[in-house]
Amino acid sequence: MSQAGDAPLDLTSCDREPIHQLGQVQPWGFLLSATTDGTVRHASANVAEHLNLSPEAVVGRRLDQLLDRSSLHDIRARLQGLQGQHQTDRLFSLPLIAGRPPYDVAVHFAPGDAPIMVIEAEPSAAEPRFDAVGTVKGMMSRLLRARDLAGMHDRAARQVRAVLGFDRVMVYRFDADGTGEVVGESTAERLDSFRSLRFPASDIPKQARALYCRNWLRLIADVAAVPVPVLPAPTPGERVLDLSSSALRSVSQVHIEYLRNMGVTASLSISIMRGDELWGLIACHHAEPLLPSFQRRSAAELFGQLYSLQIESFERMQAAQHDAEARAAQERVLSAVSADEKIGNTLQRVAEEIRLLIPCDGAAIHTGTHTETIGVTPDEDVLAGIVAMLNRTDTSGIFATREIAVHYPPAAAQAEAAAGMLAIPISRASRDYLILFRREMIHSIAWAGNPAKVAERGTDRLHPRRSFETWQQEVRGRSGPWLESERRVAEALRVTLLEVVVRLSADANDQRRSTSDRQELLIAELNHRVRNILALIRALVQRSRESAETLESFVTVLNGRIQSLARAHDQLTDDRWGPVALRGMIESEFHAYLGDRQPERTKLNGPPVLVEPQALTVLALVIHELATNAAKYGALSDRHGAVDVRWVLQADNTLLLQWRERGGPPVNPPNRRGFGTTVIERSIPFELQGQAEVRYLRDGLEADFTIPARFVQIGVESQQTAPVLPRRTQPLRVCGIAMVLEDSTLLAMDAEEILLDLGFDKVEVVGTVPAALGVMKRLGRQLAFALLDVNLGDQTSMPVALALHKAGIPFAFATGYGMGLDLPAELAEAASVVPKPYQRQDIAELVGRTLGRE
C-alpha cells in the first residue's frame with residue numbers, strides 16, 4: 001500500500017487504498033473489456049496464452065474477431081439481462097475460443113461514464129457428477145433443521161467446507177463497531193479453533209467491506225501467484241478500469257501479507273447480507289493453493305444468498321416475537337394507569353412492568369424535581385448529574401449507552417452499580433425520564449492477536465500484524481449491550497408513556513402541557529409509521545429486481561415450496577423411492593396449514609392410488625400452491641370455507657383429480673399470472689404431458705387435473721392396525737471419531753449430519769480409497785466406526801473394508817443397489833449393510849448393531 005508525498009501512514013491509510021483499481025488480475029483466467037460496439041479496450045497480459053495474440057494486438061480489435069460468434073451472442077444476451085452495475089452473470093462450459101477446450105465465463109458492466117463490458121474467462125473444470133441445484137437444495141434443507149442461529153452457523157460452515165474443500169470455514173459476524181467474531185466454524189482436525197475469537201475492525205478495511213457488498217464471492221486461489229497487469233496502463237488523467245465486480249481482481253499486498261502471516265495460501269469469502277448491509281462473511285482458508293471449480297463456487301455463492309435470507313428471516317422472527325411482547329407490555333402499562341392515584345405510584349408500577357421486558361439492575365423515575373428509584377442505581381448526586389446531562393442532550397428519542405462515564409465522567413466511580421443506562425423521555429416539556437440502569441459487566445474478550453497491534457510500519461507502507469495467537473483483554477466500566485430489539489421496545493414504550501403522562505395530568509398547567517405532549521405523541525407515531533413505510537418501500541424496490549414483492553414474502557414462499565418438496569421427498573425415501581400414496585401426500589400439504597383441524601375443513605375422497613416418484617414432486621408443488629392460495633385468499637382463509645378433493649381412475653387408467661373450494665370469500669380471477677399460478681396451470685401439462693383446467697368461479701375456485709396412466713397405479717386400502725412399537729428400546733450411546741467414505745457430496749453431508757446427531761464427536765469425510773486409508777493411518781484406534789459406500793466410480797471400498805476388518809475397527813457398507821452384496825468370505829459375516837438414500841433410523845439401527853450396543 002504505497003503512499004504519495006509525505007502523507008502520514010496510519011490505519012486509516014488502509015481505508016483509503018484503491019483496492020478496486022489495482023490494475024491487475026489473478027492469473028488463473030484472462031480478462032477483456034470492450035465498448036458496447038465490441039471494440040476491445042483492455043486485455044490482461046496473459047491473454048496471449050489463450051488467444052495466441054499479444055495484448056497489444058488484441059486491444060482495438062472487435063470481439064467477434066477474437067471469440068466464437070455463437071458464444072459472443074450468448075454473452076451479449078446475458079449482458080442484456082443485467083440490471084445496472086455491480087451485477088454479474090455466468091456461463092458454463094462455453095466454446096469461447098475456436099480450437100480450445102471450453103471456458104467458464106463471468107460478465108458484467110464496469111462502473112464509468114460509458115458502459116464498458118468486462119468478460120472474464122477461465123478454463124472450464126466441469127464436473128458432470130456435481131449437481132449444483134441439488135447440492136444447494138440439500139444444503140438449505142439441512143440448514144433449516146437447525147434449532148437456533150448458532151446451530152445454523154455451524155451447519156453452514158460444515159456444508160460449505162464439504163462442497164469447496166477448504167481446511168477451515170468460518171462464519172464471521174460484524175459488530176456495530178466493525179470488529180468481527182467467529183460465530184460458526186468447521187476445520188480440519190490438525191487446526192486450532194478460531195471459534196469465539198474477535199478480530200479488529202482494521203483487519204477488513206472499510207473499502208473492502210464495501211466491495212463485499214457488491215461481490216457475493218471473492219476467491220484468492222494462491223497468495224504466491226504473480227498478478228497479471230491489465231493493459232494498456234492508464235495515461236495521466238485517464239480513468240482506471242474499475243474492477244469492483246471482477247472475479248479475477250488482484251489483491252492488495254497488505255492483504256496478501258496478512259494471509260501469509262496467518263499461514264493461509266488460498267482463501268474464499270462469501271458475503272452474508274442483511275438487506276443492503278454486510279452482516280458478515282463465510283470465510284474459507286486453505287494451507288495450499290486451491291481453485292474450486294466455477295460450478296462449486298457458483299453453488300456456494302447461491303447458498304450464501306439463501307443463507308443470508310434465512311438469517312434475516314430468523315432475526316426478523318425474533319424481532320417480531322419481541323415486538324409482540326412489547327405490545328402486550330404496552331397494554332399492561334395502559335391498564336395500570338389509574339386516575340385516582342398519584343403519577344409517581346403509577347409510574348413505579350409501570351417501571352416494574354418494563355423491567356420484566358428489558359432486563360436491568362435498577363430504574364429511576366424523574367418527574368419535575370422529584371426522583372424515585374427501584375433496585376440498584378447511582379447515588380443521589382450522580383443521578384442528578386445524569387439527569388442534567390440528559391437535559392443538555394437531544395432527548396426527542398431514547399438515549400442508550402453502555403458506558404455512562406463517556407458522557408458524564410463522575411459516573412465512572414459508580415460503575416459497579418450502574419455502568420450503562422437506557423433513558424426513556426416521558427414528558428419532553430418538563431424533561432421527565434424513566435431511566436434503566438445496568439451494572440458493570442467485567443468480562444474477557446478473546447482476540448485473535450493483540451488488537452492494539454493491528455499493523456506495523458514499514459519504509460513505504462503499513463504491514464499487517466504477524467501474530468494471531470489468542471490475546472485476552474479484560475473489559476471494565478461497561479454494561480452489557482442494549483440490543484436493537486430492546487431499543488425498539490423502549491422507543492415504543494416512550495410513545496405509550498407520553499400518553500400515560502397526558503392521561504394523568506390534572507391541573508390547568510398539566511392540561512396545557514398535555515396538548516403539547518399529545519401533539520408529540522401524534523408526531524412520534526406518525527414518524528414511526530412513516531419510517532416503517534419508507535423501510536417497506538425501500539425493501540420493495542430492492543427486491544423487485546429479484547422478482548419478489550418483499551423480502552418476507554420471498555423467504556416465506558421460498559421456504560414453503562422447499563418444505564413442500566421436502567415432504568414429498570421424505571415420502572419417497574420412506575417408501576424406498578417407490579410409488580407413494582396420493583392421499584398421504586395431499587394430507588401432508590393440508591396439515592401444514594390446518595394442523596389438527598384438517599379433517600374439519602377438508603374432504604378427501606377417492607380410491608387408493610399410488611403416484612410414481614417422477615410425478616410426485618410435480619403434484620406436490622401443484623397441491624402446495626393450491627393449498628397456499630386457499631389459505632391466503634380462498635376457502636381456508638376464513639372459518640367457514642372447506643376444500644373437497646376427489647380423484648378417480650378413468651376407463652383409460654388416467655387419473656382425474658378434482659379440486660373444489662366452497663364457503664370461502666368470493667373469488668376474483670387474478671390480475672396477473674404469478675409463479676404460483678403458472679405452477680398450477682402449466683406444471684402437469686408441461687412436465688407430465690397431462691391436462692390442467694382452472695376455473696375462478698364466484699363461489700369458489702375449481703380445478704381439474706388429468707394425470708397420464710404411466711404415472712399412477714391402484715394401491716391397497718390401508719388397514720387400522722395396532723401401533724408398531726419403536727425398533728429401539730434404549731437410546732443409542734456413541735462417541736469418538738467416525739469416518740464416511742462416499743463419493744457423492746450430497747450423500748456424504750447427509751451421512752455426516754446423521755452420525756454427528758447420533759453422538760459421534762467428529763466425522764472425517766473422504767471420497768477416495770487412498771484418503772480413507774490415510775485417515776486410518778493418522779487416527780489408528782481413535783477411529784470408532786466407518787460407513788463405506790461400496791461403489792466409488794472406478795473402484796470399490798473393499799480395500800478399506802479389509803483394512804478395517806484387520807484392524808478390528810467396526811464398519812458398515814452403504815449401497816444404492818439393494819441389500820444383496822457379493823462380499824469376500826472374511827467380510828460376509830462381519831459387515832452390515834444400509835440402503836441408500838440415508839435415513840437416520842436406518843443408520844442408528846446399523847450403528848447399534850455394528851457396535852453391539854442394542
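**Exercise 1.** Determine which residues Ser 267 touches in this predicted model, leaving out those up to four places away in sequence, and decide whether Ser 267 is buried or exposed.

*Solution.* Begin with the contacts: beyond its sequence neighbours up to four places away, Ser 267 touches Phe 166, Arg 218, Leu 219, Ile 220, Leu 259, Cys 284 and His 285. Next, place the residue in the secondary structure, where Ser 267 is found in strand E12, which covers residues 266–274. Finally, consider the relative accessible area, which is 7% for Ser 267; because buried means under 20%, Ser 267 counts as buried.

**Exercise 2.** Identify the residues that touch the most other members of the largest nonpolar core, and find which helix gives this core its largest share.

*Solution.* The largest nonpolar core has 48 residues, and those touching the most other members are Val 160, Phe 166, Ile 282, Phe 303 and Tyr 307. Helix H9 (residues 294–336) supplies the largest share of this core, namely eight residues. Taking Phe 303 as an example, and leaving aside neighbours within four places in sequence, one finds it in contact with Val 136, Met 139, Met 140, Leu 143, Ala 156, Gln 159, Val 160 and Ile 282. A further core of 37 residues lies apart from the largest one, and includes Leu 582, Leu 604, Leu 616 and Ala 630.

**Exercise 3.** Work out the strand order of the open sheet that contains E33, and explain why one side of E32 and of E35 is left without a neighbour in the sheet.

*Solution.* Five strands, paired in parallel, form this open sheet in the order E32-E31-E33-E34-E35. E32 (762–766) and E35 stand at the edges and have a single partner strand each, so one side of each lacks a neighbour in the sheet. On average, neighbouring strands are turned by 20 degrees against each other, direction ignored. At the E32 edge, five bridges join E32 to the parallel strand E31 (residues 737–741), and Val 740 has Val 765 in E32 as its bridge partner. Helix H20 lies across E31, E32 and E33, and runs at about 165 degrees to E32.

**Exercise 4.** Check whether the length of helix H24 agrees with its number of residues, and establish what its buried residues pack against.

*Solution.* H24 has twelve residues (840–851), which at 1.5 Å a residue should span 16 Å, and its end C-alpha atoms are indeed 16 Å apart, so the two values agree. Nine of the twelve residues are buried, which leaves the helix mostly covered; among them are Ile 843, Leu 846, Val 847 and Leu 851. The buried residues pack against helix H20 (745–758) and against strands E33 (783–789), E34 (811–815) and E35 (832–835).

Key:
Residues are numbered from 1 along each chain as its sequence is written. This is a predicted model: local features need pLDDT of at least 70, side-chain atom pairs count only at pLDDT 80 or more; totals for chains, interfaces and linings use all residues. Side-chain values use heavy atoms; hydrogens and water are left out. Helices (H or I, at least four residues) and strands (E, at least two) are DSSP runs, numbered from the N terminus. The expected span of a helix is 1.5 Å times one less than its number of residues. Buried means under 20% relative accessible area, exposed over 50%, partly exposed in between (1.4 Å probe, protein chains only). Contact means heavy atoms within 4.5 Å. A nonpolar core is a set of buried Ala, Val, Leu, Ile, Met, Phe, Trp, Tyr and Cys residues joined through side-chain atoms within 4.5 Å. Two strands pair if DSSP finds at least two bridges between them. Axes are lines fitted to C-alpha atoms, for helices over the stretch in contact, and angles run from 0 to 180 degrees between N-to-C directions.
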